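Colleague: I should like to go through this model with you, one question at a time. Please reason briefly before each answer.

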Amino acid sequence: MVLAVDGSASVTYEEFGLIAGGMAAALRDPAVIEGLAGTSTLSLLLWSGTGQQDVITPWTRITTAADLAAFADGVDNMPRTIRAGATAIGEALLAALTLLAEVPAVAKRNIVNVIGDGRSNDGIAPGPIRDRMVAGGITINGLCILHEEPDLLASYTDEVIGGPGSFAVTCRAYEDFAEAMRQKLTREVAGPIV
């Protein structure tokens, strides 16, 4: 599973902190721990505009609850290492596809989580990259933060999510992000994840 996090200019530093803290809290949820520990390999990708993608945490095998706790700590303290520019979701998907080609485990399912608060407005269009990933059996799910774009879910549905069992969840504000992320991960851990 690739956790691909929006670090574009529309995400303030306070909001970025709420994303990091909310993701970490969701990863510490007992149901998520039960679903991920022993069956998962996770990576954390930060993205923004064209050429602004950075692997914050490389592939990490989650064999125990302690492994997941350590990964969650890294998410909680995620540095903002990229320039806060435009929103290049297609570029983020391409970076995730490259990451998946390097996963050090046999994949039963490949999932990319695209987490963001805006539609793609830079770089290559996400639709063709999404289609290429779906053709390869990859599932792309979304978490849309609607505080600036109330219709963002429609954009994600049309251009971003796809693949077996794909879905997107929404939250109206950053303050609701942790619960939305928990619900999303709980739904995803219903089967084996890589």
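Colleague: At what angle do helix α5 and helix α6 pack, and how is α5 described relative to α6?

Modeller: In this predicted model, helix α5 covers residues 126–135 and helix α6 covers residues 152–159, and their axes lie 8 Å apart. The packing angle is about 50 degrees. Angles under 35 degrees count as roughly parallel and those from 65 to 115 as roughly perpendicular, so α5 is, relative to α6, oblique.

Colleague: How many charged residues are there in the contact of α5 with α6?

Modeller: On the α5 side the residues are Pro 126, Gly 127 and Arg 130, and they meet Thr 157, Asp 158 and Glu 159 in α6. The contact holds one nonpolar residue and two polar ones. The number of charged residues is three.

Colleague: Which helix gives the most to the largest nonpolar core?

Modeller: That core has 37 residues, and those touching the most other members are Met 23, Leu 27, Leu 44, Leu 143, Phe 177 and Met 181. Seven residues of the core come from one helix, residues 13–27. The buried residues of this helix include Phe 16, Ile 19, Met 23 and Leu 27. The helix is α1.

Colleague: What is the reach of α1 from its first C-alpha to its last?

Modeller: The helix has 15 residues. At 1.5 Å a residue, a span of 21 Å is expected, and the model comes close to that. The reach is 21 Å.

Colleague: Is Phe 71 buried or exposed?

Modeller: Phe 71 is found in helix α3, residues 65–76. Beyond its neighbours within four places in sequence, Phe 71 is in contact with residues including Leu 3, Leu 27, Leu 42, Leu 44 and Ile 62. Its relative accessible area is 4%. Because buried means under 20%, Phe 71 is buried.

Colleague: How is Thr 39 classed by its relative accessible area?

Modeller: Thr 39 has its place in the loop between α2 (30–36) and β2 (40–47). Its relative accessible area is 32%. Buried means under 20% and exposed over 50%, so Thr 39 is partly exposed.

Colleague: What distance separates the C-alpha atoms of Thr 39 and Ile 140?

Modeller: Ile 140 is among the 25 residues of another core, apart from the largest one. Thr 39 and Ile 140 are 101 residues apart along the chain. Their C-alpha atoms are separated by 19 Å.

Methods:
Residues are numbered from 1 along each chain as its sequence is written. This is a predicted model: local features need pLDDT of at least 70, side-chain atom pairs count only at pLDDT 80 or more; totals for chains, interfaces and linings use all residues. Side-chain values use heavy atoms; hydrogens and water are left out. A nonpolar core is a set of buried Ala, Val, Leu, Ile, Met, Phe, Trp, Tyr and Cys residues joined through side-chain atoms within 4.5 Å. Buried means under 20% relative accessible area, exposed over 50%, partly exposed in between (1.4 Å probe, protein chains only). Helices (H or I, at least four residues) and strands (E, at least two) are DSSP runs, numbered from the N terminus. The expected span of a helix is 1.5 Å times one less than its number of residues. Axes are lines fitted to C-alpha atoms, for helices over the stretch in contact, and angles run from 0 to 180 degrees between N-to-C directions. Angles under 35 degrees count as roughly parallel, over 145 as roughly antiparallel, 65 to 115 as roughly perpendicular and the rest as oblique. Contact means heavy atoms within 4.5 Å. Ala, Val, Leu, Ile, Met, Phe, Trp, Tyr, Cys and Pro count as nonpolar, Asp, Glu, Lys and Arg as charged, and the others, Gly among them, as polar.
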